[in-house]
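Here is a short, friendly tour to read with the model open beside you. Take the topics in any order you like.

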Amino acid sequence: MTTAALLAAALTVSLAAGCTGTNQPGPVDDGRGAEQDQTPQPPNQDPSQSGLTGESALAVKIDNVRAARPHTGTDSADIIYAEQVEGGLSRLMAVYATKLPKVIGPVRSARESDLELLRQFDHPTLAFSGAQGKLMPLIDKAPLNPQTPGRTSGAYYRGTGKSAPHNLYLRPDRLMPSVPGADALTTGFTYGAAPSGGTKDTSETVRYPAATFRFTWSADRDRYLVSMDGTPSVTTAGKRLAPATVVVQHVKVRKSDFHDFLGNNTPYTETVGSGKAKVLRDGKAYSVDWKREKATDGTTFTTSDGDPVNFAKGQVWVVFAKA
C-alpha cells in the first residue's frame, strides 16, 4: 500500500508540473541566447562532487497557486522574480546569495524562459521539482547546476501541512556548502541613494489573467507590503513579505513550444532586450528604461538621461508584465 501511494503521489506531481509537450520539435534555447557559446560545458554533477564552493547563487522555483501558500523561506531571498505561466497563473523564482534559510518551498517545476533569466549568473544552482520531458535535455545542457529531487540525498522532503504537489520543500544547506555572498548577484542592479524626481506612489497592482500582485507602501516599515490574489502574503513563520524595491518590468511574452497537461501553452518571458519599467522605492515610482543586451549580461535600469537608477537596500521583487 505504501508503494502504491508513493507512485500515485509521483504521478500527481508529474501532471501538475506542466509535463507534456507538443508534437512539434522542442526549442533549442538552453539559456545561452541566439549566439550559442561554443565553449564546451562540463556535465552537471552533484555539488558535493563538482567542486562548487558556494560562490554561485541558488535559484528556487516556488509554487504560487493559492493551495501552495503560505510560502517558507521566501522572506530570506535577495531577489524574487514573478512570471506568468500556463492558464494565466503565476510562479516565482527566489534567488539566494546573502542568506540561506533552513527550508524553502514549496518547490515546483521549471520553465523554458528560466534558462535565459538565469544565464546572468555564473553557473547558478537551480532547485526545481522537475520539468516536462522535452525541456529536461535543455536544462541539462544549460550552464547551471540542476537539482531535482533524488539528485542530492536529503535535499528535498515532503511536508505534512499541504497536499501534493504543493508540499515539496528544500533544505538549501544540502545543496550549498556555504552562503554564496553578494558577489554572486550578477544582476546588473545598483543600490544606493534614490534618483531625483519620481512621483508619489503608495500602491501598485500588476494583473495576470488569473493572478494579481499588489504592493502597498508602509512608511512605518520603509517597505512595500505584498498581497497576492487579494490576500496579504505572509510566510509560514507569520512574516509579511515586504521588499524594499519593486520593479514592474514590461517585457515581451510570447508562446513557447511547450504546453501543460491541459493543453495550455507555456508563455515564454523574454528577459533579453530592452523596454520600459517602473521602479518603486521609498513610496515613489520612477519611470525608467531597462536593457539587457545578451543573456550573460545583467539588466540595467536607467533614467531617460541614461543615469543608473539605484534600488533601496533590501529584498527586490521583479514582476514581469506583458509589454
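Is His123 buried, exposed or partly exposed? His123 is partly exposed, because its relative accessible area is 23%, and a residue counts as buried only under 20% and as exposed only over 50%. Please keep in mind that this is a predicted model. The chain has 323 residues, of which 52% count as buried, and its secondary structure consists of 3 helices and 19 strands.

**The chain as a whole**

- Among contacts in the chain with a separation of 6 or more, residues 24 or more positions apart account for 66%.
- About 14400 Å² of the chain is exposed, and carbon and sulfur atoms supply 51% of that area.
- The largest nonpolar core holds 74 residues, and the members that touch the most others are Tyr81, Leu170, Phe213 and Trp317.
- As general background, nonpolar side chains tend to be buried together in soluble globular proteins.

**Tyr81 and its surroundings**

- Tyr81 counts as buried because its relative accessibility is 5%, under the 20% cut-off.
- Beyond its neighbours within four places in sequence, Tyr81 is in contact with a list of residues that includes Arg91, Leu92, Met93, Val95, Leu117 and Phe121.
- That list also includes Thr187, Phe189, Val318 and Phe320.

**Aromatic pairs**

- A pair of aromatic rings is described by the distance of the centres and the angle of the planes.
- The structure holds 10 aromatic pairs.
- One of them is the stacked pair of Tyr81 and Phe320, with 5.8 Å centre to centre and 5 degrees between the planes.
- This pair links distant parts of the chain: Tyr81 sits in strand E3 (residues 79-84) and Phe320 in strand E19 (residues 316-322), 239 residues apart.
- Phe320 has a relative accessibility of 6% and therefore counts as buried.
- Phe189 and Phe311 make a tilted pair, 5.0 Å centre to centre with 55 degrees between the planes.
- This pair also links distant parts of the chain, 122 residues apart: Phe189 is in the loop between strand E8 (168-170) and strand E9 (199-200), and Phe311 is in the loop between strand E18 (300-302) and E19.
- Phe189 and Phe311 are both buried, and ring pairs link them with Tyr191 and Phe301 into a cluster.
- A charged side chain also meets a ring: Arg254 lies over the face of Tyr268, at 4.0 Å from the ring centre.

**The E10-E11 hairpin**

- Strands E10 and E11 pair in the antiparallel sense over 6 bridges, and a hairpin joins them through 2 residues.
- Within this pairing, Arg207 has Thr212 of E11 as its bridge partner.
- Side chains alternate along E10: Glu204, Val206 and Tyr208 point to one face and are buried, whereas Ser203, Thr205 and Arg207 point to the other face and are not.
- Pro209 belongs to the loop between strand E10 (203-208) and strand E11 (211-218).
- Pro209 counts as exposed because its relative accessibility is 67%, over the 50% cut-off.
- Leaving aside neighbours within four places in sequence, Pro209 is in contact with Gln84 and Gly88.
- The C-alpha atoms of Pro209 and Ser90 are separated by 9.3 Å, although the two residues are 119 residues apart along the chain.

**Backbone points to check**

- Most residues other than glycine have a negative phi, and most peptide bonds are trans.
- Arg69 and Pro70 are joined by a cis peptide bond with omega of about 5 degrees, and Pro70 lies in the loop between strand E2 (58-62) and E3.
- Another cis peptide bond runs from Gly105 to Pro106, with omega near 0 degrees, and Pro106 is in the loop between strand E4 (90-96) and helix H2 (112-118).
- His123 is not a glycine, yet has a positive phi of about 45 degrees; His123 lies in the loop between H2 and strand E5 (125-127).
- Asp229, also not a glycine, has a positive phi of about 55 degrees and lies in the loop between strand E12 (223-228) and strand E13 (231-232).
- Asp229 counts as buried because its relative accessibility is 16%, under the 20% cut-off.

Terms used
Residues numbered from 1 in each chain as written. Predicted model: local features only at pLDDT ≥ 70, side-chain atom pairs only at ≥ 80, totals over all residues. Heavy atoms only, no water. Helix = DSSP H or I, 4+ residues; strand = E, 2+ residues; numbered from the N terminus. Buried < 20%, exposed > 50% of the residue type's maximum accessible area, 1.4 Å probe, protein only. Contact = heavy atoms within 4.5 Å. Core = buried A, V, L, I, M, F, W, Y, C linked by side-chain atoms within 4.5 Å. Areas by Shrake-Rupley, 256 points an atom, 1.4 Å probe, with all protein chains shown as cover. Pairing = 2+ DSSP bridges. Phe/Tyr/Trp six-rings, centres within 6.5 Å; stacked < 30°, edge-to-face > 60°. Lys NZ or Arg CZ within 6 Å of the ring centre and 35° of its normal.
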